Amino acid sequence: MKKNQVVGLGIGLVVIIALFIGIVSMGGSKSGDKATTTSTASRTASDNAVSIKSYMFGPNDLKVKVGTKVTWTNEDAVVHTVTADTKLDSAPDSPDMAKNATYSFTFTKAGTYAYHCAPHPYMKGTITVTE
Ligand code: CO
């Protein structure tokens, strides 16, 4: 009789532990989903960023809405610029950008803005701005 009670208690304990592990692992997968959501959000936030790396603008063809601020970052050791092919108040025109320098420009007018790097005219990029 006493032995049966001990066995019953043991089984009860195993069930409780199993339930606890189940709850913990469910919680774990939920926080995994959260981490995925966060990384998606940070990718969206970086959509207005253009890197200048290995003598290339990346992405070299970016589409944004009017009012968007685009930031270029020079990741090369050499000086680059962001220079609109057609000089306009509504088009970007950066000073010389040393390594790690950033240049931001807010597009306020719809249009297609082709640009290049002044010291390296073969470096080309386009920002397409829509309403
Ligand atoms: Co350049």
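A nonpolar surface patch, as the term is used here, is made of residues with over 30% relative accessible area and no salt bridge, whose nonpolar side chains are joined within 5 Å. In this predicted model, Tyr55, Val78 and Tyr122 form such a patch, with an area of about 290 Å². Tyr122 has a relative accessible area of 56% and is therefore exposed. Its place is in the loop that runs between strand S7 (111-116) and strand S8 (124-130).

## Overall architecture

The chain contains one helix and eight strands. Their order along the sequence is α-β-β-β-β-β-β-β-β. The chain has 131 residues, of which 25% count as buried.

## The cobalt site

A cobalt ion is bound by four protein donors: His80 through ND1, Cys117 through SG, His120 through ND1 and Met123 through SD. These atoms lie 1.9 to 2.6 Å from the ion. The arrangement is tetrahedral because the angles between the four donor atoms run from 95 to 125 degrees. For comparison, the ideal angle for four tetrahedral donors is 109.5 degrees.

Along the sequence, the donor residues follow the spacing H-x36-C-x2-H-x2-M. Two of the donors can be described by their accessibility. Cys117 has a relative accessibility of 0% and so counts as buried. Met123, at 2%, is likewise buried, because buried means under 20% relative accessible area.

## The nonpolar core

In soluble globular proteins, nonpolar side chains tend to be buried together. The largest nonpolar core of this model comprises 20 residues. Phe57, Val70, Trp72, Val82, Phe107 and Ile127 have the most contacts inside this core. At least two core residues come from each of the following strands: S1 (49-53), S3 (61-65), S4 (69-74), S6 (102-106), S7 and S8.

## Buried residues and contacts across the sequence

Thr83 belongs to strand S5 and, with a relative accessible area of 15%, is buried. Two residues distant from Thr83 in sequence can be related to it in space. One of them is His116, which lies in strand S7. The relative accessibility of His116 is 17%, so this residue counts as buried. His116 and Thr83 are 33 residues apart along the chain, while their C-alpha atoms are separated by 5.3 Å. The other is Ala118, which is 35 residues from Thr83 in sequence and 6.3 Å from it in space, C-alpha to C-alpha.

Pro92 offers a further example of a buried residue. It is found in the loop between strand S5 (83-84) and S6, and its relative accessible area is 1%, which places it among the buried residues. Eleven residues separate Pro92 from Tyr103 along the chain, and the distance between their C-alpha atoms is 9.1 Å.

## Salt bridges

Three salt bridges are found in a search of the whole structure. The table lists each pair with the distance between its closest N and O atoms.

| Lysine | Acidic partner | Closest N and O atoms |
|---|---|---|
| Lys53 | Glu75 | 3.9 Å |
| Lys63 | Asp61 | 3.8 Å |
| Lys87 | Asp93 | 3.3 Å |

The salt bridge of Lys53 and Glu75 ties together parts of the chain that are 22 residues apart in sequence, because Lys53 lies in strand S1 and Glu75 in the loop between S4 and S5. Lys53 has a relative accessibility of 46% and counts as partly exposed. Glu75, with a relative accessible area of 36%, is also partly exposed.

In the pair of Lys63 and Asp61, Lys63 is exposed, its relative accessible area being 61%. Asp61 has a relative accessibility of 41% and counts as partly exposed.

In the pair of Lys87 and Asp93, Lys87 counts as exposed at 71% relative accessibility, whereas Asp93 counts as partly exposed at 36%.

How values were computed
Residues numbered from 1 in each chain as written. Predicted model: local features only at pLDDT ≥ 70, side-chain atom pairs only at ≥ 80, totals over all residues. Heavy atoms only, no water. Donors = N, O, S within 2.8 Å, 3.2 Å for Na, K, Ca; no water. Tetrahedral: all angles 85-135°; square planar, octahedral: opposite > 155°, others 65-115°. Buried < 20%, exposed > 50% of the residue type's maximum accessible area, 1.4 Å probe, protein only. Patch = residues over 30% accessible without salt bridge, like charges linked within 9 Å, V, L, I, M, F, W, Y side chains within 5 Å. Areas by Shrake-Rupley, 256 points an atom, 1.4 Å probe, with all protein chains shown as cover. Salt bridge = Lys/Arg side-chain N within 4 Å of Asp/Glu carboxyl O. Helix = DSSP H or I, 4+ residues; strand = E, 2+ residues; numbered from the N terminus. Core = buried A, V, L, I, M, F, W, Y, C linked by side-chain atoms within 4.5 Å.
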